[in-house]
Amino acid sequence: MEVVSTIDRIKPILKEIKAAGNKVGFVATMGFLHEGHLSLVRESIRTMDYTVASVFVNPAQFAPNEDLAEYPRDIERDLALLEKEGVNLVFSPSVEEMYPEDYKTYVEVHDLQSRLCGVSRPIFFRGVCTIVLKLLHIVNPDVAFFGQKDAQQAIILKKMVQDLNMDVLIAVTPIVREPDGLAMSSRNTYLDEHQRQAALCLYRSLEKARSLVDKSEQSALKIREAIRAEIFAEPKAEIDYVEIVNTRNLLPVNVVERGTLIALAVFIDKIRLIDNIIV
Ligand code: AMP
């Protein structure tokens, strides 16, 4: 497995790989890898000829009051995990490599970026779209793999590549959960034992929603109230949002149908966690 940290170095390597007729898969990560990330890597390795993973904690998606400095990092462990999976190439650039001092260009996907997570994190998706677009230009993959865990991110990135007429396919793979249902996340490492237990209310509330839908409940209002009640019952939890939306424009629906997205963000003490299901 080759590890590259500069754009000048990675571009010619990938040009040669593609010229030889290989289909390139790409997995973008912020590192501190877990089974969720590795499921994307495995999907790429299974379906593509050559897999590139990136490890880069992207400052542009963190607001000044957010956890950029504390975000967990362990590049040695990440590289060992990626090598074990059979990744061909890792791109692990410095902040200066991706955002030199005179950096000026940012990408926005209007409307979609302002809903759900965009309400409490107004610059988040601008940062995500900018780094992903840069990485897609650098790696030039045939398929880029993203997790359903970040449902809004996947929807926005699909819109971005469509609007910008890019040839890359955005593939979305299912949420990987801990045995008790908690969606895996690098931020789960912030949780102490009590908070970890409290965090189960996210999954519990979504399961409650699923069981209502299974019993033919279609009222978004009622399902939303049931989710909120489940989360209110957990003293450590505070709701950022619970939204029931269509996946096209992320606007709320009244009637829950096949394909409706139920997404939520909840603070457990000060730690913000997200989760979702598609009905
Ligand atoms: P991150 O390192 O948090 O930026 O995540 C990198 C990629 O891994 C994104 O496409 C995420 O959606 C995906 N991912 C993170 N957690 C999970 C999970 N629990 N299940 C599936 N994919 C995930």
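The questions below ask how the terms used for this predicted model are justified.

Q: What makes the approach of the ligand to the side chain of His37 a polar contact?
A: A pair of N or O atoms counts as a polar contact when the two lie within 3.5 Å. An oxygen atom of the ligand is 2.9 Å from an N or O atom in the side chain of His37, and the pair therefore meets that cut-off.

Q: Which backbone atoms does the ligand approach in the same manner, and how do you know that these pairs count as polar contacts?
A: A polar backbone atom of Gly147 is 2.9 Å from an oxygen atom of the ligand, and a polar backbone atom of Met184 is 2.8 Å from a nitrogen atom of the ligand. Both distances fall within 3.5 Å, so both pairs qualify. Of the 480 Å² of accessible area that the ligand has on its own, the protein covers 92%.

Q: What makes Met30 and Asp150 part of the shell around the ligand?
A: A residue belongs there if one of its heavy atoms lies within 4 Å of the ligand. The ligand is surrounded by 16 residues, and Met30 and Asp150 are among the closest, together with His37, Val176 and Met184. By type, the shell divides into eight nonpolar, six polar and two charged residues. The elements β2 (24–29), α2 (35–47) and β5 (143–147) each supply at least two residues of it, and α2 gives the largest share, with three.

Q: Why are Cys117 and Cys129 not called a disulfide?
A: A disulfide needs two cysteine sulfur atoms within 2.5 Å, whereas the sulfur of Cys129 is 13 Å from its closest cysteine sulfur, that of Cys117, and is therefore too far away for a bond. The structure as a whole holds zero disulfides.

Q: Why is Cys117 called buried, and why does Cys129 get that label too?
A: Buried means under 20% relative accessible area. Cys117 is at 6% relative accessibility and Cys129 is at 1%, so both count as buried.

Q: Why is Leu250 called buried, and why is Asp269 called partly exposed?
A: Leu250 has a relative accessible area of 2%, which is under 20%, and so it is buried. Asp269, at 33% relative accessibility, lies between the 20% and 50% limits and is therefore partly exposed. Leu250 is located in the loop between β7 (237–245) and β8 (261–268), and Asp269 in the loop between β8 and β9 (271–278). Although it is not a glycine, Leu250 has a positive phi of about 60°; Asp269, also not a glycine, has a positive phi of about 50°.

Definitions and conventions
Residues are numbered from 1 along each chain as its sequence is written. This is a predicted model: local features need pLDDT of at least 70, side-chain atom pairs count only at pLDDT 80 or more; totals for chains, interfaces and linings use all residues. Side-chain values use heavy atoms; hydrogens and water are left out. A polar contact is a pair of N or O atoms within 3.5 Å; within protein, one must be able to donate a hydrogen and the other to accept it, and residues adjacent in sequence count only if both atoms are side-chain atoms. Accessible areas come from the Shrake-Rupley method with a 1.4 Å probe; for residues, only the protein chains shown count as cover. Helices (H or I, at least four residues) and strands (E, at least two) are DSSP runs, numbered from the N terminus. Ala, Val, Leu, Ile, Met, Phe, Trp, Tyr, Cys and Pro count as nonpolar, Asp, Glu, Lys and Arg as charged, and the others, Gly among them, as polar. Buried means under 20% relative accessible area, exposed over 50%, partly exposed in between (1.4 Å probe, protein chains only).
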